[in-house]
Amino acid sequence: MNILEISNLTKHFGGLTAVNDLDLTIKKGEILALIGPNGAGKSTVFNCVAGVYAPSVGEIRFKGEVISGQKPWNLSRRGLARTFQIVKPFGPKTVLYNVMVGAFLRTNSTKVAREKAEEILTILHLEHLRDRLAGNLTIADRKRLEIAKAMATDPELLLLDEVMAGLRPTEIDEMIGIIRGVRDRGMTVFVIEHIMRAVMALSDRVVVIQFGSKIAEGTPEAVTKDENVIKAYLGGEYGVSGN
Amino acid sequence: MSALYQSLVNGTMMGAMYGLTALGLTLIFGVMKVVNFAHGSLLMVGMFAAYWLLKITGMHPFLALLIVPPLLFVFGYYLQDLVIKPVFKSERGVREPLTVIIVTTGVWYVLDNLALMLFGAEYRTVRTAISGTSFSMGEVIVSWPKFAGFVVSMLTAVGLWLFMLKTRTGKALRATSMDREAANLMGIDQYKIYNVAFGLGTAIAGVAGCVIIPFYYVYPSVGVVFDIRAFIIVVLGGLGSIPGAILGGVVIGIIESTFAQFMTSTWTEAIIYGIFLLILFFKPSGFFGNKQDW
Amino acid sequence: MTRKQLDRTLLCVGAAVAFGLPQLIDSPTYLQIIILLFFYAYLTSAWNLVGGFAGVLPMGHAVFVGIGAYTSTVLFLQYNISPWIGMLAGGVVAAAIGVIIGKPTLKMRGAYFALCTIAFAEGLRVMIENIDMLGPFKLNGPRGLLIPLKGDSLAAFQFMHKEPYYYIILIMLCLVLAFTWFISRSKIGYYLGAGGEEPEAAESLGVNVANYKLLAMAMSCFLTALAGTFYAQLMLYFYPKGLLGLDLSFEIAFIALIGGRGTIAGPVIGALALRPLNEFTRIYLSDQLPGLHLVIFGLILILVMLFQPKGLTAPLSRIYERLAQAITTPGGEKS
Amino acid sequence: MKKASTLKRLSIGLGAAALTVCLASFAFAAEKTVKIGNVEPLSGPSASVGIQGKQAREMAVEEINAAGGIKSLGGAKLELVYADSKSDPTVGVTETERLINTEKVHIMTGCWNSAVTYPATQVAERYGVPFVVPVAVRDTITERGFKYVFRIAAKDSWWVRDQFRFLKDMQEEFKTGFKTIAFIFENGDWGTGFAEKWRTLAKEAGLQIVLDEPYPSTASDLTPVVTKMKTANPDIVLLVSNAADAILLTNTMAELKVKPKVVLASGGGHADPKFLENVGKSALGMFDEVEWNTDVNKPNAKEANAKFKAKNGYDLAGESVDAYVATYVIADALERAASTDPKKVRDALAATNLTTGPGMLVSYDGVLFDENGQNKNAGIVIVQVAEMNGKLDRVTVWPKAARRAGYTPVFPMK
């Protein structure tokens, strides 16, 4: 069953076409990675799905229902959560507070929200930072906090926007483990990622876009051998991000 | 009909001067992203400086323009350096420096009441060489002090605009206003630039003091009269925009003058607030504002 | 003694002192000063719902005090409706106006929002000064409204002595503190805090930030207007320049900032710090050198902002924590 | 005076019982004081008037104390206790309560602003403390059936009444007839109160109202108002202005060459001691209604003014004279009451009939309160700004009996 179906998605900004006639589906329980060079339109796709932008043309279906143009807060209620590429913690609040904001989506009780948040902090190995202010965390912890907040909303589909960027190799490994754990809890994961090692290790399927259009789709192994993909990445990124 | 022409001319002249009172405010906001609530008090300081200079020496008010603004620049520079900067530094990383707004309000209280202690509460005017003189343009009577104020306001705005465009310091000011962090990385000392911006804003208040004093009066809380109006003007013109401040000022001046011919002037005041709110609802960035600022 | 017990004991002692105070103070002057202190603490707590929790800086809240005062007084003078009912009516009117004004402005960044609220407040003041009759309602323009002396009467919300006013405002303050405490611990509080900090992130977590801010505005305006009725009944006279002017609006914001924005105790601590300062410097210094008391007021404002930009609540609660740790039995309860 | 109060506060602060005992033994003999609470705007927008009132009271208190204080109280000295109202009724009320309850003043005076005086007198009434109001012209202050409130100056309906009497008298005397009238007034308590009464009186006088214009007294530019006045072209212009706007209005009228036949102001800003200095010849010919003028033909008027001017650098004005008179009225009542008991002082005040003494430098014959506490005699004079011996001066022209000898009013003004 497809949890997300994107068909003919096009998004213009003024004269610029950021996404052009994109088709994409994600099956329930899958980890799908969307990759592509800088400026390929990945974040725009994400933002269209997450309700930040309304698509210019095309349709986005989530669990079979059209969600194009829905507001972000309604989408998260339906079971769609996201992280931000540039993390947005509620800086002067504690880590627990941050996650509780997410947990409140499914409950009105502070007690339930707190328990839920604590549970998620444990899953993400953040429980020791519970009372620290979010603004004082390290980059790696902030990235994890970002996921924790999203997970607390009990999503069925989790959109992760470059959660590996800026992490050290050991932290990347840890993050890969976390994302796998998330999937094992029954969530579908849709990631944008630059770090190819993480993409290879994580994804069931990869979609590659360039200039807003899909150029390849398939298993990680198949995609990396695709000629168009190699051409698109030529000039460094593939080589660099392999380390 | 002549009343209408008279109102238009008078409104334009007064409006340019309102623009001048708002210019320093908009400059400081543009660079520091801080609404300086002490701006009216700085204007008051400028007016008192001009008042005493003219009163004691009896010099021509145009000459005072060479003396008062530099003095005020130094005053503003060190006011920012010694009082406001430390708060700014402690608020690094906070999205919006609201504490700084409160500090400027504290500065306002201190300055206004120091003036009260030093000079007393009375209203003071000084009769200068141009006070009370006027010339006629057909049926329209133009007051010399206001006309001079209009010219000086325009020159100041153009001068400031050129300064921002052409000089090194001006470019640094603009760079800081666009992106603090980037400007910092480029080796611009952010706080020094703030000092300069605050000094310049205060110096412009000094210019305003010199042009207003020949036809207006000064007393310790005179700043409040111009303060709120300056706030409205900068929002109307777009916070941080130099031409916006002058245009906003002229628009307000003309509304104030001409609308008063059709209704009581107390209602014009209310109408100005009404128009202000409408602008906020429909075009909150003002005439020339930067959308990201609001 | 465990930590929880300590907190509770102190709270009880505080409440006992507050409720017993009029028995100790027989000077109506000091009682009046304390009444005004509570009045300001109450207003600031109400302000805090928007200015603290929702993270914007309203600088024109006196407008809602005015709306409360005008509504209940007009209803009382013209229709003989008890100010107690007028109080609620004023709250509803204020909440409605707050929502109308908040809808377009609450989206704005702090500086703009602050300027907007100032302009709205000043605009409304100017309008009321121009209006003698608003439809059937007599507002009396710049002259304001006077409530005739009716003697002691609970229904007319009028008392010859200060004690009843004292207890009314004290109870109002306790209720508003309990309310803000409850809000800060509820979903609304969390959502407001999140939305005020990072609206985009909050929205992605299911928070309709604009609606929550509007809700905060409505609650804040409602509560603020109740205090307006209290003020009208305490003074029995008010006029636009005094009640709707920026002085009151600014003082509310100052108290909040000095006490600590977004904290429950901040408004009380701020009012405790500023009000006596304000009153006593005026009393003892204004005849020596007019203006000196305001200079001192301004300097203190600057100094607090310099050294405690988060307000006085933060250092005070640190001190309290340390003291509490020394007093309480270790291991009694996890703190 | 100030020193004494500081010293006293200091002694209390130190809690030096011995010192207190020591002082008390002195006090019994000669140092007994009567405390007068005085709420005035000492900061804020009306501070300038408040400070003038304070200076006038200080002068009166010094004189009274130097002359031996209140003799019936064993030479008790008067002591002024000030409080700053900031022109804010809330503060005014709080301060009145403080002066009565904490400072234990025996009698109250102030507050200049009608808006402050109105609720403050209500406080005094509630506590039964006599309150002598020098100026705060709103009618209703003495129309609430209060027992403890007394007003020296005329109330605003009398001011307005006399303005129209003046216009009528002068038109008869100079054989002119005016048809149109304009009202320009500050949009406060005071101005709107006047305007309301002008409208009815103008109608009664058969004058056509061609302009009825309130303006905000903090306006930065009054050209729009004056432009309107020019268009309306009235014969008579009636004004109510505060200090700053009076200057601005006069200068702007001169600038735009607006010359009505009669300009009649209502004191306040036009009577401010600094007004003439600030507007110069622009004010020439205009009329102003005041409680008092320096040329009033009364003993002590010249001396008191000279003394005040030497001390403070400007002339006494209506407001400060009223404050000065009020202080003498208080002293007189205390003398007759021979007590500081508020009830007795109140009764003595109610029985006031002060016609002589240094305080009576006013234009009218004496202070005599009606059953509401309003001074029945309170009179008003109208002056014209004229050039006398090369200097601008305010010359009394009305009532005709009070007109300065040898002066012929310029009517209509040129």
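User: Why is Lys85(B) called buried?

Analyst: Buried means under 20% relative accessible area, exposed over 50%, partly exposed in between (1.4 Å probe, protein chains only). Lys85(B) has a relative accessible area of 17%, so Lys85(B) is buried. This is a predicted model: local features need pLDDT of at least 70, side-chain atom pairs count only at pLDDT 80 or more, and totals for chains, interfaces and linings use all residues. Residues are numbered from 1 along each chain as its sequence is written, chains are lettered from A and ligands numbered from 1 in the order in which they are written, and side-chain values use heavy atoms, with hydrogens and water left out.

User: What makes Asp81(B) and Lys85(B) a salt bridge?

Analyst: A salt bridge is a side-chain nitrogen of Lys or Arg within 4 Å of a carboxyl oxygen of Asp or Glu. For Asp81(B) and Lys85(B) the closest N and O atoms are 2.8 Å apart, so the pair qualifies. Both residues lie in helix 3 of chain B, 4 residues apart, about one turn of the helix. Helices (H or I, at least four residues) and strands (E, at least two) are DSSP runs, numbered from the N terminus.

User: Why does the salt bridge of Arg138(D) and Asp189(D) tie together parts apart in sequence?

Analyst: Arg138(D) lies in the loop between strand 4 (131-133) and strand 5 (149-151) of chain D, and Asp189(D) in helix 7 (residues 189-204), so the pair links parts that are 51 residues apart in sequence. The closest N and O atoms of Arg138(D) and Asp189(D) are 2.7 Å apart. Arg138(D) is buried at 12% relative accessible area, and Asp189(D) is buried at 15%.

User: What joins Glu30(A), Arg205(A), Lys214(A) and Glu217(A)?

Analyst: Salt bridges that share partners join these four into one network. Over all chains the count comes to 60 salt bridges.

User: How many salt bridges are there between chain B and chain C?

Analyst: The count is 0. The contact (heavy atoms within 4.5 Å) takes 43 residues from chain B and 44 residues from chain C.

User: Which helix of chain B gives the largest share of the side that touches chain C, and how do its residues divide?

Analyst: Helix 4 of chain B gives the largest share, 15 residues. The residues of the whole side of chain B that touches chain C divide into 30 nonpolar, 9 polar and 4 charged. Ala, Val, Leu, Ile, Met, Phe, Trp, Tyr, Cys and Pro count as nonpolar, Asp, Glu, Lys and Arg as charged, and the others, Gly among them, as polar.
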